[in-house]
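These are my notebook entries on the structure shown below. I looked up the ligand site, then several backbone features and the burial of selected elements.

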Amino acid sequence: PNNSPFLYPAPTTVDQSLGIISLKRDLQVPILLRASNPSNPTDEITNTRFGSFPHSTLLNRPWGSQVIASKVETSDSKRGRKRKREGKGGEEAEKSVERAEESVIETPAFEAATSGFAHILPPTPELWTVSLPHRTQVVYTPDYSFILQRLRVRAGETIIEAGAGSGSFTHAAARAVFNGIPHDSTQLLENGSSKPRKKQKKSGKVCSFEYHQDRHAQLQKELTEHGLSSIVKITHRDVYEEGFSFENGESPNASAILLDLPAPWTALKHLSRTPSLPNRPSPLNPKTTARICTFSPCIEQVEKTITAMRSQGWTEITMYEMQHKRLDVRRELTSLNYEGLRGVNASAASVEEAVCRLRELTAKFSEFHADAKVRKQVNSLEKYNKVHTKGGKGGTEQGGDGTANGTGDKEVVVESKRSRLERIKKEDSERKVWREGKLVHRSEMELKTHTSFLVFAILPREWSGVDEERCGKKKWGGE
Ligand code: SAM
């Protein structure tokens, strides 16, 4: 795992590393960066609708760099040109040159403003989730971050996952159980030398199960490519029938479980403290509480799961539904805005009246561009007010309602200036709302989450007389 780009990305992009090309918000593409070499001298090119990115322009760059698309000649175009030069191919050769040219960087005019560059990002479970090749529905980041936190998955723990599907949750779980230290890690000493770390917490494990053969094979391949195969042990198995312990009699010793299966209640019998199958131990760590989460889209599935949980000793059963919404917050001019500010009735009697009002508002809008002038006026009035209220005869503070407090003529003048100041200030703030609009928010319609019900429960550890005795000794320090 010490060379997994998901756990330890190199400071810059390197040959053979996985990178994520970010083309725009919500459009990320994973690519394997490949440098050209003597045996393969042609530069690898990733073509996108925002342009072409030869890998030579993506390599040896700090992660996060912006890369400008290149105008590259495709092999189709090259072939066409050659045939054209040689006078072969006629119309067809010309067409192929044109076709190839169109398919490269010249994107349609409406995309021109945003076309032509990308950012190259290091792989993370979050980026992998939004860019992975989907073979199934997947668990998205808002769900898995909550699940891993509720299951208290930490470095060194073991988590069971079934089914593995497209491996979205698998990547996040692998990072959560990883101890954060490369296997060959050494400690740097003050004198510049280094020595192996004394105490190194063991990395945890993800025991993943998938019964679909192709999905199992594909995920195994990806985990190897991503340097995660020493953390994730993926098994091809129907967990309803065969449970979670291994054929050789080994137990995963898990303290956390995620079941993302069509019928999680069917698998529950294999997650007990006592063995459910001959020659297979319980898959749970006997020394810790087991925490489970089931991920089901229908409430009927939830009901069946909870019934099974209750009868099998699971406690603290709770259900959540994750509603992940992205809010689009902006100022918007609405008719209510206009009307509220102008203090007139919102309903226009006719189209003519509405047009008339709109004209008035437009005129008012230009008027407000004299903003700087208003500010200047406010500032000078504020100054004036300060001098005349504190230093004036009688020195009394003024009320905000425009009445004088038993002082002379001068203060009546101050009073009127003050109320004018307040009026201008009020109008100024109204103008701001009027000009910029009311603050509104909407949730975005398209959400990339698969809403499911999350059922959590815990199974306490076994507690024997021996445990009680040991506990008593520890507590009271004696017999
Ligand atoms: N959690 C996965 C992810 O984040 O990518 C997605 C899981 S997908 C919704 C459900 C998977 O469970 C499918 O790939 C399916 O083949 C697998 N599955 C269904 N029944 C199973 C069983 N009895 N044993 C093992 N896997 C099973």
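Before placing any loop, I noted that helices (H or I, at least four residues) and strands (E, at least two) are DSSP runs, numbered from the N terminus. On that basis, I located Asn279 in the loop between helix 8 and strand 13 (290-296). I also recorded at the outset that this is a predicted model.

**Entry 1: Asn279**

I looked up the backbone of Asn279 and found phi near 60°, a positive value in a residue other than glycine. Most residues other than glycine have a negative phi. I then asked whether Asn279 is buried or exposed. Asn279 counts as exposed because its relative accessibility is 73%, and the cut-off for exposed is over 50%.

**Entry 2: Arg152**

I found a second entry of this kind at Arg152, which is not a glycine yet has a positive phi of about 55°. I placed Arg152 in the loop between helix 4 (141-150) and strand 7. Its relative accessible area is 48%, so I entered Arg152 as partly exposed.

**Entry 3: Gly163 and Pro262**

I next looked up peptide bond geometry. Most peptide bonds are trans. The bond from Ala162 to Gly163, however, is cis, with omega near -15°. I located Gly163 in the loop between strand 7 (158-162) and helix 5.

Which residue did I pair with Gly163, at 99 residues apart in sequence? I paired Gly163 with Pro262, and the C-alpha to C-alpha separation is 9.2 Å. Pro262 belongs to the loop between strand 12 (256-259) and helix 8 (264-267). I noted Pro262 as exposed because its relative accessible area is 60%.

**Entry 4: the ligand site**

I looked up where the ligand sits, and found it in the largest pocket. There are 22 residues around the ligand, of which Val139, Glu210, Arg215, Asp238 and Asp260 come nearest. I recorded the make-up of this shell as nine nonpolar, eight polar and five charged residues. Helix 5 (168-177) and helix 7 (239-242) each contribute at least two residues to the shell.

I then listed individual contacts. The side chain of Arg215 places an N or O atom 2.8 Å from an oxygen atom of the ligand. A polar backbone atom of Ser168 is 3.2 Å from a ligand oxygen atom. A polar backbone atom of Arg237 lies 3.4 Å from a nitrogen atom of the ligand. I also noted the cover: on its own the ligand has 600 Å² of accessible area, and the protein covers 92% of this.

**Entry 5: helix 5**

I returned to helix 5 and asked how many of its ten residues are buried. Eight are buried, so I described helix 5 as largely enclosed by the rest of the structure. The buried residues of helix 5 include Ser168, whose backbone appears in the ligand contacts above. Phe169, Thr170, His171, Ala172, Ala173, Ala174 and Val177 are also among the buried residues of helix 5.

**Entry 6: Ile147**

Finally, I looked up Ile147, which is found in helix 4. I entered Ile147 as buried because its relative accessibility is 0%, and the cut-off for buried is under 20%. Ile147 and Leu454 are separated by 307 residues in sequence, and I noted a C-alpha to C-alpha distance of 8.2 Å for this pair.

Terms used
Residues are numbered from 1 along each chain as its sequence is written. This is a predicted model: local features need pLDDT of at least 70, side-chain atom pairs count only at pLDDT 80 or more; totals for chains, interfaces and linings use all residues. Side-chain values use heavy atoms; hydrogens and water are left out. A residue is near a molecule or strand if one of its heavy atoms lies within 4 Å of it. A polar contact is a pair of N or O atoms within 3.5 Å; within protein, one must be able to donate a hydrogen and the other to accept it, and residues adjacent in sequence count only if both atoms are side-chain atoms. Accessible areas come from the Shrake-Rupley method with a 1.4 Å probe; for residues, only the protein chains shown count as cover. On a 1 Å grid over the protein atoms alone, a cavity is a set of points where a 1.4 Å probe fits but cannot get out, and a pocket is an open set with protein on both sides within 12 Å along at least five of seven lines; lining residues have an atom within 4 Å of a point. A molecule sits in a cavity or pocket if more than half of its atoms lie within 2 Å of its grid points. Ala, Val, Leu, Ile, Met, Phe, Trp, Tyr, Cys and Pro count as nonpolar, Asp, Glu, Lys and Arg as charged, and the others, Gly among them, as polar. Buried means under 20% relative accessible area, exposed over 50%, partly exposed in between (1.4 Å probe, protein chains only).
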